[in-house]
Amino acid sequence: NISAILKEKNIEIVEPEVGELVTSFEMAGASLTFTWLNDELEEFWKKPTYTPGYKKGTVSLASGSSQSNSSQEEKKVISKGSSESHECAKNIVKIMQLMETNTAQRADEYGQLDSYAGDGDHGIGMARGAHAAATAAKQYLDAGAGAGSTLEAAADSWSDKAGGTSGIIWGIILREIGKEFGDSVKPSAHVVASAVARASAEVTKFGKAQIGDKTLVDVLIPFSQKLVSENGKTLPEAWRSASGVAASSAADTANLLPKIGRARPHAEKSLGHQDPGAASLAM
């Protein structure tokens with residue numbers, strides 16, 4: 001009995017919480033978390049609160065607060081893109097829709113890869129993120145947006161709906177590419193390579209992962225570097241060549257042990273299997 005053990009150790013229990021507090025998709029079992037309180041934190045812990053992720057007690061909402069208007073979605077103003085950029089946005093939507101289809105078809109595969117050393121939800125998260133991104137991209141395209149705004153809308157929806165660290169990272173990737181594209185001109189092969197390099201730099205800055213840590217960075221960096229080195233080739237030629245590097249880099253992660261993230265405590269179990277984030281990024 002946990003309570004008896006704590007009392008034996010002279011540890012006082014202050015208002016324990018039981019519920020679905022930190023969950024993963026299709027999570028089974030239970031977890032126990034301790035938070036150590038001082039006098040100030042204990043006072044705050046006992047107070048009522050109302051947030052999207054955690055509620056306790058009863059909170060009187062002020063009239064006119066954002067909560068009272070929660071049913072009314074904020075309408076975003078979508079700026080028009082140039083004709084060239086809008087044509088590019090059409091291709092972006094096609095790509096996002098293809099990503100949605102392919103990710104849905106391979107969600108079980110990515111979930112299985114994630115189950116060896118993680119919690120098995122990578123496939124579900126990727127499918128949710130890709131679906132949300134494709135839906136948002138189509139909405140912006142229909143409103144006349146350019147390539148940059150379309151990608152940034154996809155990024156926001158992906159990170160909002162996918163959940164997990166990979167959802168945040170995919171949001172970063174799409175958002176940084178969108179910023180580089182802008183809404184004025186059709187991106188050249190050079191601009192695309194520069195955009196992917198920008199995204200790669202932001203991802204490594206955010207997650208601190210390096211080559212060899214067995215994450216999607218093991219694919220993103222080599223892919224970006226190959227894309228940049230193909231300067232002078234057409235975009236389809238450069239992308240095809242860089243994609244080959246991405247696929248081989250993802251396969252190579254099977255020989256690595258994870259050094260960062262949730263998979264690290266169960267590193268040995270992942271040996272012989274590709275990193276799920278690397279595999280999905282290569283796809």
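Is Lys161 buried, partly exposed or exposed, and at what relative accessibility? In this predicted model, Lys161 counts as partly exposed, at a relative accessibility of 45%. Its side chain meets that of Asp160 in a salt bridge, with an N to O distance of 3.9 Å. Asp160 has a relative accessibility of 57% and counts as exposed because this value is over 50%.

The pair formed by Lys161 and Asp160 belongs to a total of 13 salt bridges found in a search of the whole structure. Another is formed by Asp156 and Arg175, whose closest N and O atoms lie 2.9 Å apart. This pair links distant parts of the chain: Asp156 is located in helix H6 (residues 147–162) and Arg175 in helix H7 (residues 164–181), with the two positions 19 residues apart in sequence numbering. Asp156 is partly exposed, its relative accessible area being 36%.

A further salt bridge joins the side chains of Lys226 and Glu230 at 3.6 Å, N to O. Here Glu230 is buried, with a relative accessible area of 8%, whereas Lys226 is partly exposed at 28% relative accessibility. The assignment of Glu230 follows because its value is under 20%. Elsewhere, Glu176, Lys179, Glu180 and Arg198 are joined into one network by salt bridges that share partners.

The nonpolar interior was examined next. The largest nonpolar core contains 45 residues, and within this core Met96 and Trp158 touch the most other members. At least two residues of the core are supplied by each of helix H3 (83–105), helix H5 (122–142), H6, H7, helix H8 (189–207), helix H9 (217–229), helix H10 (235–252) and helix H12 (276–282). H7 provides the largest share, seven residues. When residues up to four places away in sequence are not counted, Met96 touches Ala130, Ala133, Ala134, Ala137, Ala154, Trp158 and Leu174. Another core, of five residues, lies apart from the largest one; among its members are Ile78, Ala136, Tyr140 and Ala145.

Helix packing was described for two pairs. H3 and H5 pack at an angle of about 155°, and their axes are 8 Å apart. The two helices are therefore roughly antiparallel to each other, since angles over 145 degrees are classed in this way. Their crossing is left-handed. On the H3 side, the contact involves His86, Ala89, Lys90, Val93, Met96, Gln97, Met99, Glu100, Thr103 and Ala104. On the H5 side, the contact is made by Met126, Ala127, Ala130, His131, Ala133, Ala134, Ala137, Lys138 and Leu141. Met96 thus appears in this contact as well as among the residues that touch the most other members of the largest core.

The second pair consists of H8 and H9, whose axes come within 9 Å and cross at roughly 150°. H8 and H9 are therefore roughly antiparallel to each other, and H8 passes H9 in a left-handed crossing. H8 contributes Val192, Ala193, Val196, Ala197, Ala199, Ser200, Val203 and Thr204 to the contact. The residues of H9 that take part are Val217, Leu220, Ile221, Phe223, Ser224, Leu227 and Val228. Both H8 and H9 also supply at least two residues each to the largest nonpolar core.

Definitions and conventions
Residues are numbered from 1 along each chain as its sequence is written. This is a predicted model: local features need pLDDT of at least 70, side-chain atom pairs count only at pLDDT 80 or more; totals for chains, interfaces and linings use all residues. Side-chain values use heavy atoms; hydrogens and water are left out. A salt bridge is a side-chain nitrogen of Lys or Arg within 4 Å of a carboxyl oxygen of Asp or Glu. Helices (H or I, at least four residues) and strands (E, at least two) are DSSP runs, numbered from the N terminus. Buried means under 20% relative accessible area, exposed over 50%, partly exposed in between (1.4 Å probe, protein chains only). A nonpolar core is a set of buried Ala, Val, Leu, Ile, Met, Phe, Trp, Tyr and Cys residues joined through side-chain atoms within 4.5 Å. Contact means heavy atoms within 4.5 Å. Axes are lines fitted to C-alpha atoms, for helices over the stretch in contact, and angles run from 0 to 180 degrees between N-to-C directions. Angles under 35 degrees count as roughly parallel, over 145 as roughly antiparallel, 65 to 115 as roughly perpendicular and the rest as oblique. A crossing is left-handed if the near helix is turned anticlockwise from the far one by less than a right angle, and right-handed if clockwise.
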